[in-house]
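Student: Please take a close look at one part of this model with me. I want to see how its pieces are arranged, step by step.

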Amino acid sequence: MPHSMSAARFEELVSDALDKIPPEFANAMDNVVVLVEARSDEDPTMLGLYHGIALTERDSYYAGSLPDTITIYRDAILDICNSDDDVVDEVVITVIHEVAHYFGIDDDRLHELGWG
């Protein structure tokens, strides 16, 4: 049975996870929005998604682009958690994983680093 948590509390955990990003990385984040949605329509088990052009891929054509998005899927995370502590841990992992994609780090490297 999925863990239960209010949407407001979950969003607070996402904000807390973003605060854990080291300042040198947080300050380098530009033109990216972090969203919380219930679930992905395309893949209901997806925990998070980075959509945009990674910082390492940006060139002069990027100017004026709409913001990149990082979406954290609340219900998918709650589905795999058994306690508030599990949710806290999974939110941190998911947020850092998606932020890493913003910086151009791929899934293979994230798995090597333990953030898969």
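Tutor: Start with one term. An axis is a line fitted to C-alpha atoms, for a helix over the stretch in contact, and angles between N-to-C directions run from 0 to 180 degrees. Keep in mind that the model is predicted.

Now take helix α1, residues 7-19. Its axis comes within 9 Å of the axis of helix α4, residues 84-102. The two axes cross at roughly 55°. An angle under 35 degrees would count as roughly parallel, and one from 65 to 115 as roughly perpendicular. The crossing angle therefore makes α1 oblique to α4. The crossing is right-handed.

Which residues touch? From α1 come Phe10, Leu13, Val14, Ala17 and Leu18. They meet Val87, Val88, Val91, Val92, Val95 and Val99 of α4. Sorted by class, this contact has 11 nonpolar residues, with no polar and no charged ones.

Helix α1 has other neighbours too. It lies across strands β1 and β3. Its direction is at about 150° to β1.

Those strands belong to an open sheet of three, in the order β1-β3-β2, with mixed pairing. Strands β1 (32-37) and β2 (48-51) are the edges, each pairing on one side only. On average, neighbouring strands of the sheet are turned by 15° against each other, direction ignored.

Look at one pairing. Strands β2 and β3 (residues 68-73) run antiparallel, joined by four bridges. Find Tyr50: its bridge partner in β3 is Ile70.

Note on methods. Residues numbered from 1 in each chain as written. Predicted model: local features only at pLDDT ≥ 70, side-chain atom pairs only at ≥ 80, totals over all residues. Heavy atoms only, no water. Pairing = 2+ DSSP bridges. Helix = DSSP H or I, 4+ residues; strand = E, 2+ residues; numbered from the N terminus. Contact = heavy atoms within 4.5 Å. Parallel < 35°, antiparallel > 145°, perpendicular 65-115°, else oblique. Left-handed = near helix turned anticlockwise from the far one by under 90°. Nonpolar A, V, L, I, M, F, W, Y, C, P; charged D, E, K, R; others polar.
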